[in-house]
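Student: I have a structure open and would like to learn how to read it. Could you walk me through its features one by one?

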Amino acid sequence: MTQPATADTRPYHHGDLSRALVEAARRILETEGPAALSLRAVAREAGVSPAAPYHHFKDKSELLEAVAHEGWMALDVALTAARAKASDSNERMTSLGVAYVCFARDNPALYRVMYDRSRDKDSLPDQMKEEGAYCQVRNTIDERTGGGVSPIDLELATIAAWCAGHGLAEMIGFKQFAPLKEALGGEEAFLRAVFEHLGMFAKLDQG
């Protein structure tokens, strides 16, 4: 069980309680799981009164929306860093995929909340589709193809790439992959090899 913050170690300053509560919720999710999450538990973790969270979130659902929002922003930061380190568009696509799966692996409860809160909505989260993680994938594919494909092909290719990353994120812990990971030099080397072998952009490259 996580240790609640004391009055001297509360992770917020005046006016920043909302963020502190979201961070407390993330800690509870990752260490104790979704069943342990409640506004009372978050207040205890953040070191504030039980009533304090209600000044920012009307209920647990609203808190989870804020947690999911922070998750999408954190994913965008991770993909931005990976994209910046790559030397060309081909390497950027692979690096985006690796960074995506590593983010999901390292933040499993947060990753689940992000998708649980998005599944039944009519549109993708704004921070995913506008200038966020999804847009980064789409822009990299557009760059990879020289901007020579139709908007619908670009969108379908982006969905294909996103689904590939999501599927591998769901399967990365499978024990059946252990021999390949060892042979290739570790988990991230395995991930890179998988994305390099997808071949999902071959048709676009020829167009």
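**Reading the model together**

Tutor: Let's start with one pair of side chains: Arg112 and Glu170 form a salt bridge, with their closest N and O atoms 3.1 Å apart. A salt bridge here means a side-chain nitrogen of Lys or Arg within 4 Å of a carboxyl oxygen of Asp or Glu. Arg112 sits in helix α5 and Glu170 in helix α8, so this pair ties together parts 58 residues apart in sequence. Before we go on, note that this is a predicted model, where local features need pLDDT of at least 70, side-chain atom pairs count only at pLDDT 80 or more, and totals for chains, interfaces and linings use all residues. Residues are numbered from 1 along each chain as its sequence is written, and side-chain values use heavy atoms, leaving out hydrogens and water.

Student: What is the general idea behind such a pair, and how many salt bridges does the structure hold?

Tutor: Side chains of opposite charge can pair when their charged atoms come close. The structure holds twelve salt bridges. One of them joins Glu45 and Arg27 at 2.7 Å, N to O, and this pair links Glu45 in helix α2 with Arg27 in helix α1, 18 residues apart. Another joins Arg119 and Asp116, whose closest N and O atoms are 3.0 Å apart. Salt bridges that share partners also join Arg105, Asp106, Lys181, Glu187 and Glu188 into one network.

Student: Is Glu45 buried or exposed?

Tutor: The terms go by relative accessible area: buried is under 20%, exposed is over 50%, and partly exposed is in between, using a 1.4 Å probe and protein chains only. Glu45 has 5% relative accessibility, so Glu45 counts as buried. Its partner Arg27 is partly exposed at 30%. Arg119, at 53%, counts as exposed. Over the whole chain, buried residues make up 42% of the 207 residues.

Student: You keep naming helices. How many helices are there in the chain?

Tutor: Helices (H or I, at least four residues) and strands (E, at least two) are DSSP runs, numbered from the N terminus. This chain has eleven helices and zero strands. Take α2 as a case: six of its eight residues are buried. They are Leu39, Ala41, Val42, Ala43, Glu45 and Ala46, and they pack against α1 and α3. Just after α2, Gly47 takes a positive phi of about 80°.

Student: How should I look for a core, and which residues touch the most other members of the largest one?

Tutor: In soluble globular proteins, nonpolar side chains tend to be buried together. A nonpolar core is a set of buried Ala, Val, Leu, Ile, Met, Phe, Trp, Tyr and Cys residues joined through side-chain atoms within 4.5 Å. The largest one here has 55 residues, and Leu75, Tyr100 and Trp162 touch the most other members. The elements giving two or more residues to this core include α1 (17-32), α3 (60-85), α4 (89-106) and α8.

Student: What does Tyr100 touch?

Tutor: A contact means heavy atoms within 4.5 Å. Leaving aside residues up to four places away in sequence, Tyr100 touches Leu75, Leu79, Tyr111, Tyr115, Trp162, Gly165, His166 and Ala169. At 4% relative accessibility, Tyr100 is buried.

Student: Some of those have rings. How do I read ring pairs?

Tutor: Rings of Phe, Tyr and Trp (its six-membered ring) pair if their centres lie within 6.5 Å; planes under 30 degrees apart are stacked, over 60 edge-to-face, and the rest tilted. By this rule there are eight aromatic pairs. Trp72 and Tyr115 make an edge-to-face pair, 5.4 Å centre to centre with 65° between the planes. Trp72 lies in helix α3 and Tyr115 in helix α5, so the pair ties together parts 43 residues apart in sequence. Both Trp72 and Tyr115 are buried. The rings of Tyr100 and Tyr111 have centres 5.8 Å apart and planes at 80°, so this pair is edge-to-face too. Ring pairs link Trp72, Tyr100, Tyr111, Tyr115, Tyr134 and Trp162 into a cluster.
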